[in-house]
Each structure stands twice: as structure tokens, then as C-alpha cells.
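Student: Please take me through one part of this structure slowly, and then show me how the rest fits around that part. I am new to this, so plain words would help.

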Amino acid sequence: MASNGAVDGFTTPNVLQAMLTMRSGDSGSKKAAMDYLQKFQKSNEAWTTTISILQGSPEAEAQLFAATTLKGKITYDLATQIPESEHAALRNQILVLLKKFASGPKPVRVQLCVCLAILAIQMQSWKDVLQTVVSALGDDVSSHACILDFLRVLPEEVTEGRKITLSEEELIQRTSELLADNANEVVGLLINYAQSSPAAATNPQLFECITSWLREVPVNVVVNSPLLDAVINGLSDDRSLQAAAECLGIICRETRDVDDNLETIQALLPKVLQLRPRIQALADEEDIEGFKAITRVFADAGDSWVLLCAREPQHFRPLVDALLECCARDKERDAIHYTFNFWYELKQYLTLDHYIAARVQLLDVYSKLVDILLKQLEYPESDDPNEFDLFDGDREQEEKFREFRHHMGDTMKDACQVMGTTECLTKVHEAIKIWREKFGGQATESAVPHWQSLEAPLFALRALGRLVDKEENIVLPEIMPLLVQIPINNEKLRFAAIMVFGRYTEWTSAHPDYLQPQLSYVLASFQTSSQEILRAAAQSFKYFCVDCKQLLGPQAIELQGFYNSILDTLSDHSKEDLTEGVATVISVQKTEDIYNLLKLYCDPLVQRLMTKANNATDDTSKLELADHINLLTQYVQNVVPYWPSNSDNPAVRYWQEVFPILATILDNFIDFVPICERICRCWRFMVISYRTAITPLLGPLANKLAEGFAKSKQGCFLWASSAILREFSEDREHVEDGIVDSIYGFFEAQATNVLRMMSDIAPIDLPDVIEDFYRLLIDALLYYPQRLIPSPLFTPIFQAAISALSLEKQEPVSAALHYIRDLLTYGGDNPASSSQQFGVVGVQLREHVRQLLLSQGEALIKQTLAGMMITFPRDCFSDGSGVLLGMFELLPAETSTWVDRTIRMLPAGTITDAEANKLMAKINEKLQGGDRSNLRHVRTLLQDFTNTYRRRYIAPRDGLGMLTAARFHFEG
């Protein structure tokens, strides 16, 4: 391969020295070395230097770095740095290197195989790829590993070929040439290799190759060849077990379209079932990884053929039984989760009337599954019945087990839906009764023997709660009296019982006789010191209040005493649960009692609030104050009485008394963001909850929001303002015109303040304000388009949005893009408005938007494309392409011109004129003829282009150059 000349800075010795520095230098030297190596990887000189290192350096680390760098060069720089006439020379050098590294090290060999595969994709004139590689590497044993690696990576790299600089048509053609046209030859090569020796027949690389090519080779070809027997035999060899299991699983998955693969499945089924003895063997050997692998095989088969299990339950019953055995023998609980999806999918079929016969035949399977799950749900046993740390202090393992139990609970629900709730609850009841008969008499105040076998059915009962009808009258009336007798000295059992009560509060509301014993059990639990029990009790109490609020209504005053006495002992989250509960009970009281009840419950909270405000001198105490405000917000959200619009709302009357206190706290802590956010949240929910009834508070509230934003420059004030804008818009009932005018004036003042701020401060320092501002503007555009679009602020708001697109944070960019997309709809016939009836005004609005886009459209296109190619977070791509589509719909010719200019501003060396011309030719072709459906194709073209560019140039090498966003300036 011809050299482009060497620069002294990127010589082989210098690169090796930089790598040495990365291993042993100080942090400053390491950073310098890292910067040097990154520049090296992007340079023209990297081609010859990497090959030099691979040819001469004896260090494996240097070889791997060189091979990895070469892979990157071929992927991203081949088209722009190496003439097409030199591609063959590069290929030959890689083949020579592959021959050298055929025996290892494996990581270097694999990277070189990837290099060759990526080159093969781009080198379209190279038609005999497979033959060339096999011939060049030879037939000696040492080359077999190399050939197998190449065969494995080739389909993987072709599948990922969208990062290669080929058009869709070229990539489709190259895929056909490299994969489809070679499929039969590859199968023949693999069969010959598998039959060449016993060692070859169990080589994991063989099975990895088969797995890789199953995307291209019809599955029936593999199943009907000697390769299937090789895979099955590989499952009996420890060396190849994992690779063979993965391969057989993929083979099964390739037959998911069962009606198209019936003959293949009939051939596969007996082969899979002959592996069933391995389940017990691996379990007895305590081979955890092997057991997981064999379980995964049966799970893949079950997932793929689940429809046939429902259609032909008798024929496929052995497969179902094998999966059940996997669940039963999983002592370590590491493999059972592979089966969960099968039980779910089978349940989906069996619960259809069409498969009622299969449901009857497989009912006993799900019954046994429940028995297995009840056992698997148990915590590990301990010699000491009072020992609750059952994972030797390993909190990660304990958390993993808890999460695993919730997944098992989902599978328990699947079984319940097949068996019926009564039958499933009966099994849970039986498990509880068995514990009572065996160990109930041995339980004392200080110890509960074998509590694990009682806690597991309680957990199962909790998991089933969502499925049990509140009218269930057979099993639950037997279970509930037992639960209130659960020993309270055992933390795990008490927690489980409380959570069950919380899950069945809907049932309890329909069976009021059971309410008081359960509620007493929960309330008594607030006396414990265990935070876990307190959290559970608070949560359950909330559900009792929500679902049994009518039953608890007469106890509203009595509950206040409990609430006030216990509140300060709880965590913040539990305080909110408790508060939400009592607020729900208040909400169903007589409307004339609401004001007095709010005073009864909230006055003590307000008194605490003022005390905390007086004592808040450090960040910790200020955060406590902020969290306490959330409790008042719970009452605002939940106590919303119905009241005629022409009368004073009793809840609003109470909050008018509290408002000055909150306003004073805001003034005193305007520089502490969490307090500002909590107060804004409270006020926002006042507007959302009481809507136009909040009118008496509207003036002072708007003033405090405007004043708060001016002082603090925090986005939360804009967030709260948006609620006012929505609730007092022009199309709302019971809103006077004067109020609408005042509200819009309030909005304009807020917007002006933000624009001045964005003019003075760079967007990177205002991400939260920008996000909240454009969320506010989305509402302003939705509810006040006739005022906003013709206003003098409309253009600077749009210019500021373009400036915001230079950010690299998802939330503000997304908000700005959403605003722009909504704005673009006003340039067409389907505006994103709360009222579509614009008439003549609609024509005027469209003209305003069109004139804006003609003057600012080029800047918008430039910044949107720059974002999609370089700076946008991934979640913003869809909205970015939506903006481009909207622009093409409104101004196709102008937008095409602006796109052309933008892509030619890209940094030198990152795109060729040929690529730019090709893209624009395709865009202009789609725009011809006026067919609007072609605009979707234009969007796709730009998405593919920007995605390809982004993958090739992960970060700009010397800044954005001409694509750098212009700084926003506001003169208002």
C-alpha cells in the first residue's frame, strides 16, 4: 500500500512510547498520551504505522491497539484517505498479517478478521471473498481458527454495515454477494471441518460460526445436515457446552414461525428432548453454568414452539414437562428465570376460549408450577430462627433475590390465570395451614421456627392481589383472620402481612367486617423501630385510606390525632404516604366541613413549617423544610371539593390563609433551589386542582411567580406559570376577558425576562430555564396563538430556540424542538391548537409563520442538521428529523437549498463532494412531481445521512467550524 508520507510525530517509536506512558505515567502524562493517540488514530499516517507495529512489535498490547486502530481506519477513513486503486494492496497486507497471527493472540486475530470483513464490504470489486481468504490462509490446522473467526465475524459486520459509507442499494447488493451467494459454500466448509476430527466436532468456534450464519442460511438446511448432530453432541462436552447451547437455542428461535417450519420442528423436537437427562445430571453435578445453559435451550425451544404446545398439548407435553423439571431442579435459582417468558406466553394462549381443551390438559402443569414457585420463593434457611441477615451481609445478593421474587410473583399470576383464582388461593391457603400445623405451636414471642415457609405463601398472596376479585368469598375469608395473628416479633413475617393487607384493600372495602382488625394490625406496626416496617405500614395505610375512604370517613377527626402524633417519626416518603391517605379521607367529607378539616390537619403542619423556616440555617435543615412543603401539596392535590363556580371554594379559602406564609418563606429562601421548586410545585397544583376557583389568589400568585423568576432565575417559576396559562386561556369557561388579558401580559413579562437572560448568559449555563421556558411556550402557542404569533416577541423566541439547539443535554433540546415542531404546524392547514376555528385569522397566522421561516429557516436547518450529525442526544433525533420534515412540507425548494449549503459547511475531510452531490440529487429527485408522500423518503434520506456521519465522526476534531451556533441577542 502506498504511503502518504510520515510525520515525525506519528512514528512507530513515538506511538509505542505513548502506549507505555498510558500504562505507567502520571495523570498529566497519561492525558497528553491519550490526546496524542487519539490524534494519531485519525491521521493519514496511522495506516502505515499500525501495519508496521503489527509486523514488528512483539508486545500483545501494542498489537491489539494497532489492530483496533486499523479497524477504525477501514471503517471510517477508507473512502477519504485511501485511493480505490490501493484497496487490493491493503487487503493483501491484512491477509499476510492474518497468516502471521493465525495461532494467536486471539484478540488480535479477531480484530484483523473484522478488518478484513469491513474491507470486503466496501471493496465492491472483490467478488471471490471467501475463496480468496480460504486460499490465502491455507489448509493447515493452525489456519482453521483464523478461517472460523473470519466466517463468524463476516455476517455480523455485514449486518452492522449501515456504518459503512455505502448507499442502501449498494449495501443490499453487497450483502447478497457476501452472504446469500456464499451460504451453501459456508455450510459445506463447516460440515467438512466438523467431520475432520473429534476435536473439530466439539470446537466452540464451530458452533459460534453456525450461530452467526443462521441469519443467512435457512434453518432447515442446518437441521437436515450433519451440523445438527454436531451441535447436539457439543452439549455433552464441557468445552463446547455454552457455545452449543447458544447455537441450538438460535436454531430453535429461527423456527418461531411455526406454520412455515413444521417439518423442521418435527425433526428438532426429538433431538431437543433427548437432552432431558442432562437436566438431572447437571443439577446433580452442581454445574451451575451448565444447568443454566441446558435450561436456556429448553426455554428457547418452548418460547419458539409455544403456539404448538397450545395446539398439540399431548405431542409437546414432554417439552413442557422438561421446562417444569428445570424449574424444580434449580437449587441455586439461577436458571428458572429463563422459563418465565414461556409460562407467560403459554398462559396467553390457554386463557383463550379457542384453547380450552389444551388448558384442561395442562392444568396440572400449572398446579405443579405453583408448588415449585412457592418453594422457590422461600428465603434461605438459617439455623437461628431470629437471624434475618440470610445473605452474609451481601446487600447486592439480597436485592437481586428480592427482584427475582417479584419476577416469580409475575409467573405465579400467570399460573393463577390458567388455574383460576380460587384454586390458586387454595394452594396458598394450604401452605399457610401446613406451616401452622407443623410449626405454629412452636412459635414464641422470641422466635418463629421455619418462618421462611410461612413468609413465601404470604408473598405469593400479595403477588396475586391484582387478580383477585373484590367479591371473592371462598378462600380470602378463611385467610384474612389468620393473617392478623401473624407474630409481630418477626420482622419478615410482619412486613409480609402488612403488604398483603395493603394489596387487598379493595377487597376489604367490599368486606367491611375485616377492616378494623387489619387496620389495627397496621396501625400497631407504627410503634416499631424498623424503617422497613414503617415504610410498609405507611404505604398500606395509604391504600386503606384510598380504597376504604367512605368506611373511614366517620373516623376523620380520630385519625388526625394518630396522624399528628406519628408523623415526625417517619421518613419523608412515608410521611407523604400517610398524608396522601388522610387527605383522601378528608376529600370525601361533606363540603361544608372541608375548611374546618383542612385547618385541623394542616394548621399543625403550617406551624411546623414556620418553626423549620426559623431554624433552617444549613443545607440539611433547608432540605427538611423543602420536603415538609410537599406534605401541604398532598392536601392541595387530593382535597378538591366540588363547589359552584359563583361561590368561594372552601379549600381555596383555606389556602388563601396559607399563601402569605409560603410567600414569606419563598422570599427568605429565594436562593435555595429545592425550596423554590417545592413552593412552585405547591402553587402549580393549586391552579391545576382548583382551576378557575383559584381566581381570588391569581393576582398575588402571578406576582410572586414573576418576582421569584426575576430574582432567582430558576425554571420552576416558568413551570408553575404554565399551569396558569393553561387554566385561564381564552377558550375556558367562566374566565373573564380582563383576566385573560392580564394572564397574557403576565406571560409576556416572563418571556421578556427569559429572553434578556438568554441574551446575557450562554445556553450551556441555562439548560433548566430553557427547558421550562419552551415547555411554557408550547402552552402559550397552544392556547394563545392569535396573540403570540403576531407579537414582537415571536421572532426572538424562535431565534432563541435555534440557539438552544446547540446544547448537548436532552431535556432543553427536546423542549425547543417540540416548540419548533408545533410552530411549524401553524404554517400549514392543521395547526397544533386547542381551537381549530381561526377563519381569516388562520391565513394571517400562516403568513406570519411563513415570513419567519423565510428569514430564519436557514439558521434552523443549519443548527438542526449540526445537532443530528454531531451534538444532539440520541433521544432528540426523531424530533430533529420531524423539524426537517416540517420544513420540507412548508418550503421544499428553500429547505433543499439550505440543506445543500449546510452539508458543504462540514469540516474538511469529513465528507466528499461526491457524497454531498449524491445526497442532494436523491433529495431533489424525491421533491420532483409534488407527491407529498415522497417527503417521508426525504426524511429517511437525511436520517440515514446524519446517522452515518455521526458514526463516522464521533466528535468534531477541530470544533464545529462554520456550523457553530450563532450567539442569541435580544434588544427588547
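What are helix 23 and helix 25 to each other, oblique or roughly parallel?

Tutor: Happy to help! This is a predicted model, where local features need pLDDT of at least 70 and side-chain atom pairs count only at pLDDT 80 or more, while totals for chains, interfaces and linings use all residues. Residues are numbered from 1 along each chain as its sequence is written, and side-chain values use heavy atoms, leaving out hydrogens and water.

Now to your pair. The axes of helix 23 and helix 25 (residues 421–439) cross at roughly 40 degrees and come within 11 Å. An axis here is a line fitted to C-alpha atoms, for helices over the stretch in contact, and the angle between N-to-C directions runs from 0 to 180 degrees. Helix 23 and helix 25 are therefore oblique to each other, because angles under 35 degrees count as roughly parallel, over 145 as roughly antiparallel, 65 to 115 as roughly perpendicular and the rest as oblique. The crossing of helix 23 past helix 25 is right-handed, a word used when the near helix is turned clockwise from the far one by less than a right angle, with anticlockwise giving left-handed.

Next, find the residues where the two helices meet. From helix 23 look for Ser367, Val370, Asp371 and Leu374, which meet Cys424, Lys427 and Ala431 in helix 25. Contact means heavy atoms within 4.5 Å.

Helix 23 spans residues 356–376, and inside this helix Asp364 and Lys368 sit four residues apart, about one helical turn. Asp364 and Lys368 form a salt bridge, with the closest N and O atoms 3.8 Å apart; the term asks for a side-chain nitrogen of Lys or Arg within 4 Å of a carboxyl oxygen of Asp or Glu. Asp364 has a relative accessible area of 31% and is partly exposed, and Lys368 is partly exposed at 41%. Buried means under 20% relative accessible area and exposed over 50%, with partly exposed in between (1.4 Å probe, protein chains only).

Helix 24 (residues 395–419) is worth a stop too, since Thr411 has its place there. Thr411 counts as buried at 2% relative accessibility. Apart from neighbours within four places in sequence, Thr411 is in contact with Phe340, Trp343, Leu369 and Leu373.

For another pair of helices, turn to helix 38 (residues 673–690) and helix 40 (residues 716–727), whose axes come within 8 Å and cross at roughly 5 degrees. Helix 38 and helix 40 are therefore roughly parallel to each other. Among the residues that meet are Cys676, Arg684 and Ile688 in helix 38, and Phe717, Trp719 and Ile724 in helix 40.

Stepping back, the chain has 50 helices and zero strands, where helices (H or I, at least four residues) and strands (E, at least two) are DSSP runs numbered from the N terminus. The C-alpha atoms fill a box of roughly 95 × 85 × 60 Å along the principal axes. Of the 972 residues, 54% count as buried. Among contacts with a separation of 6 or more, 74% come from residues 24 or more positions apart.

Salt bridges also reach across the chain, and the structure holds 40 of them. Lys127 pairs with Glu177, the closest N and O atoms being 3.0 Å apart. Lys127 lies in the loop between helix 7 (106–122) and helix 8 (129–137), and Glu177 in helix 10 (residues 168–178), so this pair ties together parts 50 residues apart in sequence. Lys542 pairs with Asp577 at 3.3 Å between the closest N and O atoms. Lys542 is in helix 31 (residues 531–547) and Asp577 in helix 34 (residues 572–587), so this pair ties together parts 35 residues apart in sequence. Lys542 and Asp577 are both buried. Arg109, Asp149, Arg152, Glu156 and Glu208 are joined in a network of salt bridges.

Finally, the cysteines. A disulfide is counted when two cysteine sulfur atoms lie within 2.5 Å, and by this rule there are zero disulfides. Cys113 is in none, its nearest cysteine sulfur being that of Cys146, 4.3 Å away. Cys247 is in none either, as the nearest cysteine sulfur, that of Cys252, is 9.8 Å away. Cys113 is buried at 0% relative accessible area, and Cys247 counts as buried at 0%.
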